[in-house]
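Biologist: I would like to go through this model with you, starting in its sheet and then moving on to the charged pairs. Please reason each answer through before you settle on a name or a value.

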Amino acid sequence: MPPPTDLASPAPHHLPKGKTVPVTNAQRTPTESLSPASDQVAPWWRQAAVYQVYPRSFADANGDGLGDIPGITSRVGYLAGLGIDAVWLSPFYPSELADGGYDVADYRDVDPRLGTLADFDAMVAALHDRGIKVVVDIVPNHTSNRHAWFEEAIAAGRGSAARDRYVFRDGRGPDGAEPPTDWESLFGGPAWERVADGQWYLHNFAVEQPDLNWHSPEVRADFVRTLRFWSDRGVDGFRIDVAHMLTKDLTEPLPSRAELAAMPIDGTHPLVDRDDVHEVYAEWRRVFNEYDPPRTAVAEAWVDSSRVPLYASPEGLGQAFNFELLEADFDPGQFRRIVTDNLALAARSGSSTTWVLSNHDVVRHATRYGLPDPGRGPDGRPARKHGSDWLLSGGTEPALDRARGLRRARAAALFVLGLPGAAYLYQGEELGLHEVAEIPDAQRQDPTFFRRRGEDIGRDGCRVPLPWTASGTSFGFGSADPHLPQPAWLGAHAVDVQERDPQSTLRL
Ligand code: GLC
């Protein structure tokens, strides 16, 4: 979830979402021509409507307050009713939840609180039965500190092969008590953490998320094994977390934070968007193409738009998120520029454009559109993260115009669903949900809240469990209190209310 720069991805031909139509050879990319199934139709992902499920907040079948895999299976009818082509599941793997599941302790299992591999298989079968594809989240930049590899690295000590799967360094100063560099984690605070024997490890995100060393052949081989593991279980595609950060050049002497900031991000930067990351994705593409149809991937890459085609290339991941609408105001000039730029980028890659209005990392767009624009810096980007001041004030300042935000969210949804390319919709978007500001500090979970307290309240407000019914415990989410508290107003937006109302956002 690094601060976005300017990301866009290209768009091909105009097709209705989810429809497969004959393509000509001229329209076909090299990847597509590899697929026997693509001889007659365009691959599903090019024009798909993909619905993002945040599993711990979707539906709780076993009554422990945490959404789970059987909960998703129980709602397959609802998902089919949305007319979506695919679901993307945020991480459901074993995790200590230091970062909402993006701290993965085992890449090839299901968190026991969310179910079992058999539950996962049943969910995939139920979704496939309804013609819905399944995309899972892969988190390759870092593991959890509870991953067996990290525990082994701590036990094995300095200089060990186990430590070489991560980025360990000696500290500076007397007794190495100073971190190796003054780098900052993207979640705030230092990017290095000291372990008992005095060495330090790098974590670009939370302390509980040690960065992997992508120069290690073992790390590379293990992720290929993970991709095969899920592909063999019938998973159709992958969303690649922080795809632009895996490979690093950590040749000594390491640069300072100021030196890093002055370096161009042109493929040679030590930490981000390095050209050599595409060697990893070229290998993954060969694996994806062993399957019929080829497995798909979409990159979460916060990079300059000029570099997006590298990620979206048919020789690489094949598709990349275009996050520009996450930062745009509801403004025709901004929308027009974003659409025009992204259509132009289409010419540079064989992929299709993606459109994203909300996800699990940003303030929901119904709320963004009901708040004043935060103002723009010289680069055209928001001067402050949109909605962050409102969240910090507990949802009082500036005043939120809920009705206006919702009207605009509905219009924006129609707009992106009518554009060429794939639309990625975040759970609750179909209900026109607003961000939840009313979460007591004691119940907050997001590491950004703890590491940047006072400055950033974190992302819990878009991760509050969905309301399924107007009343009842947790508005039908489950039989227990939900893991994040739901405000009273949420019930009025429940699925059962909206299903009955012909004017509702859901019916729209
Ligand atoms: C991505 C995820 C975000 C997570 C971060 C670290 O940006 O979308 O939720 O915190 O990666 O894994």
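Biologist: Which residues of strand 7 are buried on one side, and which on the other?

Modeller: Please keep in mind that this is a predicted model. In a regular strand the side chains alternate between the two faces of the sheet. Strand 7 is covered on both faces, and its buried residues are Gly237 and Arg239 on one side and Phe238 and Ile240 on the other.

Biologist: In what order do the strands of the open sheet that holds strand 7 follow each other?

Modeller: Strand 3 and strand 7 run parallel and are joined by 4 bridges, with Val135 standing opposite Gly237 of strand 7. Strand 7 also pairs with strand 8 in the parallel sense over 4 bridges, where the bridge partner of Arg239 is Val298. Further along, strand 2 (residues 86-89) pairs with strand 3 (residues 133-138), again over 4 bridges in the parallel sense, and Val87 has Val134 as its bridge partner. The open sheet counts 7 strands with parallel pairing, in the order 8-7-3-2-1-10-9.

Biologist: Which strands stand at the edges of that sheet?

Modeller: The order of the open sheet is 8-7-3-2-1-10-9. Each strand at an edge has a single partner strand, so one side of it is left without a neighbour in the sheet. The edge strands are strand 8 (296-299) and strand 9 (354-356).

Biologist: By what angle are neighbouring strands of this sheet turned against each other on average?

Modeller: The pairing in this open sheet is parallel. With direction ignored, the average turn between neighbouring strands is 25°.

Biologist: Which helix lies across strand 3, strand 7 and strand 8?

Modeller: Helix 6 (residues 217-232) lies across strand 3 and strand 7 (237-240), and runs at about 160° to strand 3. The helix that lies across strand 3, strand 7 and strand 8 runs at about 165° to strand 7, and this is helix 8.

Biologist: Why do the buried residues of helix 8 lie on the same side, and which exposed residues does the face turned away from them carry?

Modeller: Helix 8 (residues 277-288) has 12 residues and reaches 17 Å from its first C-alpha to its last, close to the 16 Å expected. Its buried residues are Val277, His278, Val280, Tyr281, Trp284, Arg285, Val287 and Phe288. Because these residues cover an arc of only 160° around the axis, they are put on the same side of helix 8. The face turned away from the buried side carries the exposed residues Glu279 and Arg286.

Biologist: Turning to the charged pairs, how many residues apart are Arg169 and Glu252, which meet in a salt bridge?

Modeller: Side chains of opposite charge can pair when their charged atoms come close. The structure holds 32 salt bridges, and one of them joins Arg169 and Glu252 at 2.6 Å, N to O. This pair links distant parts of the chain, with Arg169 in strand 4 (residues 168-169) and Glu252 in the loop between strand 7 and helix 7 (257-262), and the two are 83 residues apart.

Biologist: What distance separates the closest N and O atoms of Asp441 and Arg453?

Modeller: Asp441 lies in the loop between strand 10 (422-426) and helix 15 (447-451), and Arg453 in the loop between helix 15 and helix 16 (495-500), so the pair ties together parts that are 12 residues apart in sequence. Asp441 is partly exposed at a relative accessible area of 42%, whereas Arg453 counts as exposed at 52%. The two residues form a salt bridge, and their closest N and O atoms are 4.0 Å apart.

Biologist: Is Asp460 buried or exposed, and what is its relative accessible area?

Modeller: Asp460 lies in the loop between helix 15 and helix 16. Leaving aside its neighbours within four places in sequence, Asp460 is in contact with Ile439, Arg444, Gln445, Asp446 and Leu484. Since the cut-off for buried is under 20% relative accessible area, Asp460 counts as buried, at a value of 2%.

Conventions: Residues numbered from 1 in each chain as written. Predicted model: local features only at pLDDT ≥ 70, side-chain atom pairs only at ≥ 80, totals over all residues. Heavy atoms only, no water. Expected span 1.5 Å × (residues − 1). Buried < 20%, exposed > 50% of the residue type's maximum accessible area, 1.4 Å probe, protein only. Arc of directions from axis to C-beta. Pairing = 2+ DSSP bridges. Axes fitted to C-alpha atoms, helices over the stretch in contact; angles between N-to-C directions. Contact = heavy atoms within 4.5 Å. Salt bridge = Lys/Arg side-chain N within 4 Å of Asp/Glu carboxyl O.
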